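I opened this entry to keep track of what I looked up, feature by feature. The coordinates come first, then my notes.

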Amino acid sequence: QVQLVESGGGLVQPGGSLRLSCAASESVFGLYAMGWYRQAPGKQRELVATVTSTLSTTYADSVKGRFTISRDNAKNTVYLQMNSLKPEDTANYYCNIRIGVINYWGKGTLVTVSS
């Protein structure tokens, strides 16, 4: 049974930085791609970034150059470093892992960017 726990969210001023973490219980964590998604009020959930088992990464155009996804397989953890934050980055951020045909999700962590 896979469990994902996100942390690191909070309130930050525009231009500031946050680092989100996602700790996974999966014992073969390093074999699977991981992703960060976000959902703002009144919006659909959208993909933010992904990192594969071979460390290939993708980013949404809206965060490219500002966010960096990384993973530490020894710690079963995926990170999202968020720099130069904008108010439009405000959302609940969710960690995801896809194993076979099943998607597993964390409960989310709230990021609020405001003066």
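The notes below go through the disulfide, a sheet, the charged pairs, the aromatic rings and the backbone. I keep in mind that this is a predicted model.

**Entry 1: disulfide**

I began with the cysteines. How many disulfides does the structure hold? I found one disulfide. Cys22 and Cys95 form it, with their sulfur atoms 2.1 Å apart. The pair links distant parts of the chain, since Cys22 sits in strand 3 (residues 18-24) and Cys95 in strand 9 (residues 91-99). I noted the separation in two ways: 73 residues in sequence, and 6.3 Å in space from C-alpha to C-alpha.

I then looked up the torsion about the S-S bond, which is -85 degrees and makes the link of Cys22 and Cys95 left-handed.

Are these two cysteines buried or exposed? Both Cys22 and Cys95 are buried. For Cys22 I have a relative accessibility of 0%, which is under the 20% cut-off, so Cys22 counts as buried.

I also listed what Cys22 touches, leaving out residues up to four places away in sequence. Among them are Leu4, Val5 and Glu6, then Met34 and Trp36, and also Asn76, Thr77 and Val78. Cys95, the disulfide partner, is on that list as well.

**Entry 2: the sheet around strand 3**

Next I followed strand 3 into its sheet. Four strands form an open sheet in the order 1-3-8-7, with antiparallel pairing. Which strands stand at the edges? Strand 1 (4-7) and strand 7 (67-72) do; each has a single partner strand, so one side of each is left without a neighbour in the sheet. On average, neighbouring strands of this sheet are turned by 15 degrees against each other, direction ignored.

I checked one pairing in detail. Strand 3 and strand 8 (residues 77-82) pair in the antiparallel sense over six bridges. Ala23 has Thr77 of strand 8 as its bridge partner. Thr77 is also one of the residues that Cys22 touches.

**Entry 3: salt bridges**

I counted four salt bridges. Asp89 came up with two arginines, so I took it as the starting point.

The side chains of Asp89 and Arg38 meet at 3.0 Å, N to O. Asp89 lies in the loop between strand 8 and strand 9, whereas Arg38 lies in strand 4 (residues 34-39), so this salt bridge ties together parts that are 51 residues apart in sequence.

Asp89 also meets Arg66, at 2.8 Å, N to O. Arg66 lies in the loop between strand 6 (57-59) and strand 7, so here the parts tied together are 23 residues apart in sequence. Salt bridges that share partners join Arg38, Glu46, Arg66 and Asp89 into one network.

I looked up how accessible these residues are. Asp89 is buried, with a relative accessible area of 0%. Arg38 is buried at 6%. Arg66 counts as buried at 12%.

I also noted a salt bridge between the side chains of Asp61 and Lys64, at 3.1 Å, N to O. Asp61 has 67% relative accessibility and counts as exposed.

**Entry 4: aromatic rings**

I found one aromatic pair. Why do I call it edge-to-face? The rings of Tyr37 and Trp105 have their centres 4.9 Å apart and their planes at 70 degrees, which is over the 60 degrees needed, so the pair is edge-to-face. The pair links distant parts of the chain, with Tyr37 in strand 4 and Trp105 in strand 10 (residues 102-105), 68 residues apart.

Both rings belong to partly exposed residues: Tyr37 is at 21% relative accessibility, and Trp105 at 35%.

**Entry 5: positive phi**

Last, I looked at the backbone. Most residues other than glycine have a negative phi. I noted two residues that have a positive phi although neither is a glycine: Leu55, at about 75 degrees, and Asn76, at about 50 degrees.

Leu55 lies in the loop between strand 5 (46-51) and strand 6. Leu55 is exposed, with a relative accessible area of 57%.

Asn76 is in the loop between strand 7 and strand 8. Asn76 is partly exposed at 21%, and I had already met it among the residues that Cys22 touches.

Definitions and conventions. Residues numbered from 1 in each chain as written. Predicted model: local features only at pLDDT ≥ 70, side-chain atom pairs only at ≥ 80, totals over all residues. Heavy atoms only, no water. Disulfide = S-S within 2.5 Å. Helix = DSSP H or I, 4+ residues; strand = E, 2+ residues; numbered from the N terminus. Buried < 20%, exposed > 50% of the residue type's maximum accessible area, 1.4 Å probe, protein only. Pairing = 2+ DSSP bridges. Axes fitted to C-alpha atoms, helices over the stretch in contact; angles between N-to-C directions. Contact = heavy atoms within 4.5 Å. Phe/Tyr/Trp six-rings, centres within 6.5 Å; stacked < 30°, edge-to-face > 60°.
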